[in-house]
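Student: Could you take me through the place where the ligand sits, step by step? I would like a close look at that one part.

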Amino acid sequence: MTKVLPVGIAGLGWYVPERVVDNHYFTRFVDTSDDWILQRTGIAERRFLADDQRPSDIFYEAGKRALENAEVRPEEVDLVILATISGDFLGCPATACIVQDRLGCSNASAFDIQAACTGFVYGLQIGKQFIASGTHKNVLVIGGEALSRICDLHDRNSVVIFADGGGAVLLQPHDQCRQGLIEDSMLGADGSGSHFIQRPEGGGVKPMNPQILAEGTHLLRMKGREVYRFAVERMTTLMSWAMEGQNPEELGWVFPHQMNRRILETASGKLNIPKEKVYINIQNFGNTSSGTIPICIGEAYEKDLLVKDTLLVFAAFGAGLTWGAARIRW
Ligand code: UT7
């Protein structure tokens, strides 16, 4: 039987653009208020790219910081995996290749994956396989979005939630980095819910035309209320899966996808997970889709909040529909 190597997280990095956008900004475009957004989502402000920035600026910065943190040179990286639905171009070429070039990862292959808000957890699982099989030594997994570039400023159901930012981890064989052991992970999908969060037109089914452009139906749309119910149920199941058979005393942090503060509090409350163990920073950064989990863990690491040998749980759910979870022993 082929030997499977344990995989660890050797380095972390995250980046959000400097431009701060508060809730009042949206009242110029839609009928909303600071109070509504804060009460219903928990978001007070978020970051958007400046007009002269590119989505890949986010992925590049996050990746660079993860490599620096792991003390790994770009040429040593074997593979760059980028989880995003809002890259530099319309699907071609892969933004991962642009990031690979900018980082100077000259010996790495690179590809994008699309699993929306679950993208980082999908990337982690994929990257893990390359290290576990022994074929790769350094895999850079980046999750991030520039959702301000694909949201409709005139759609209040979605625009007030989504934001820009991302993070990255460098995966290595655990016996090399001796940190962040990925103990277990799982993924799931249900395409019958694909209509809940989507860019309805402008793709292969209805290629771009002037009417689509004028009506903005190529931009991101979300049926928030329907997604809400499913999100609570799924996030509860994922956190429960990650902690099944584990000693709750060993839980360090749950790092959930930051979709909505109310969803996170309801789901973790159902499992009696203490509030102070659920990492929430949605108030500052909004919902950056595949960026939220690596931003959260990167920020927690910088604040020295990760305690050796404790358990960290990642849980995410999003468009596709997709979901995934991972349990890490830090
Ligand atoms: O990250 C990927 C997965 N995404 C999610 O999990 C998101 C899940 N959904 C949500 O977070 C929430 O459903 C939203 C934040 C999107 C919406 O919050 P809600 O409490 O579910 O509101 P709702 O859709 O049930 O709408 C309640 C009311 C409606 O008005 P009526 O019909 O009661 O008159 C909406 O039209 O709030 C209205 N509304 C708004 N009002 C002010 C919807 N959006 C806004 C807004 N400002 N931005």
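Tutor: Happy to! Keep in mind that this is a predicted model. Let's begin with a single contact: an N or O atom in the side chain of Trp36 is 3.4 Å from a nitrogen atom of the ligand. Thr32 also faces a ligand nitrogen, with a polar side-chain atom lying 2.6 Å from that nitrogen atom. Gly224 takes part through its backbone instead: one of its polar backbone atoms is 3.1 Å from an oxygen atom of the ligand.

Now widen the view from these contacts to the ligand's surface. On its own, the ligand has 950 Å² of accessible area, and the protein covers 78% of that. As for the site itself, the ligand sits in the second largest pocket.

Which parts of the fold build the surroundings? Helix 1 (34-41), helix 5 (156-159), helix 8 (224-243) and helix 9 (261-270) are the elements that each give two or more residues to the shell around the ligand. Helix 8 gives the most, with five residues. You can also look at the shell by domain: at least three of its residues come from domain 1 (7-180), and at least three from domain 2 (182-281 + 292-329). Try colouring the two domains in your viewer and finding the ligand with both in sight.

Next, let's count and sort the neighbours. There are 24 residues around the ligand, and the ones that come nearest are Thr32, Arg40, Arg225, Asn260 and Asn287. You have already met Thr32, through its side-chain contact with a ligand nitrogen. Sorted by class, the shell holds twelve nonpolar residues, seven polar ones and five charged ones.

To put the picture together, start at the pocket that holds the ligand, the second largest one. Then find helix 8, which contributes five residues to the shell. After that, zoom in on the polar atoms: the side chains of Thr32 and Trp36 are each paired with a nitrogen atom of the ligand, while the backbone of Gly224 is paired with a ligand oxygen. Going from the pocket to the helices and then to single atoms is a friendly way to read a site like this one.

How values were computed: Residues are numbered from 1 along each chain as its sequence is written. This is a predicted model: local features need pLDDT of at least 70, side-chain atom pairs count only at pLDDT 80 or more; totals for chains, interfaces and linings use all residues. Side-chain values use heavy atoms; hydrogens and water are left out. A residue is near a molecule or strand if one of its heavy atoms lies within 4 Å of it. A polar contact is a pair of N or O atoms within 3.5 Å; within protein, one must be able to donate a hydrogen and the other to accept it, and residues adjacent in sequence count only if both atoms are side-chain atoms. Accessible areas come from the Shrake-Rupley method with a 1.4 Å probe; for residues, only the protein chains shown count as cover. On a 1 Å grid over the protein atoms alone, a cavity is a set of points where a 1.4 Å probe fits but cannot get out, and a pocket is an open set with protein on both sides within 12 Å along at least five of seven lines; lining residues have an atom within 4 Å of a point. A molecule sits in a cavity or pocket if more than half of its atoms lie within 2 Å of its grid points. Helices (H or I, at least four residues) and strands (E, at least two) are DSSP runs, numbered from the N terminus. Ala, Val, Leu, Ile, Met, Phe, Trp, Tyr, Cys and Pro count as nonpolar, Asp, Glu, Lys and Arg as charged, and the others, Gly among them, as polar. Domain bounds come from an automatic or database domain assignment.
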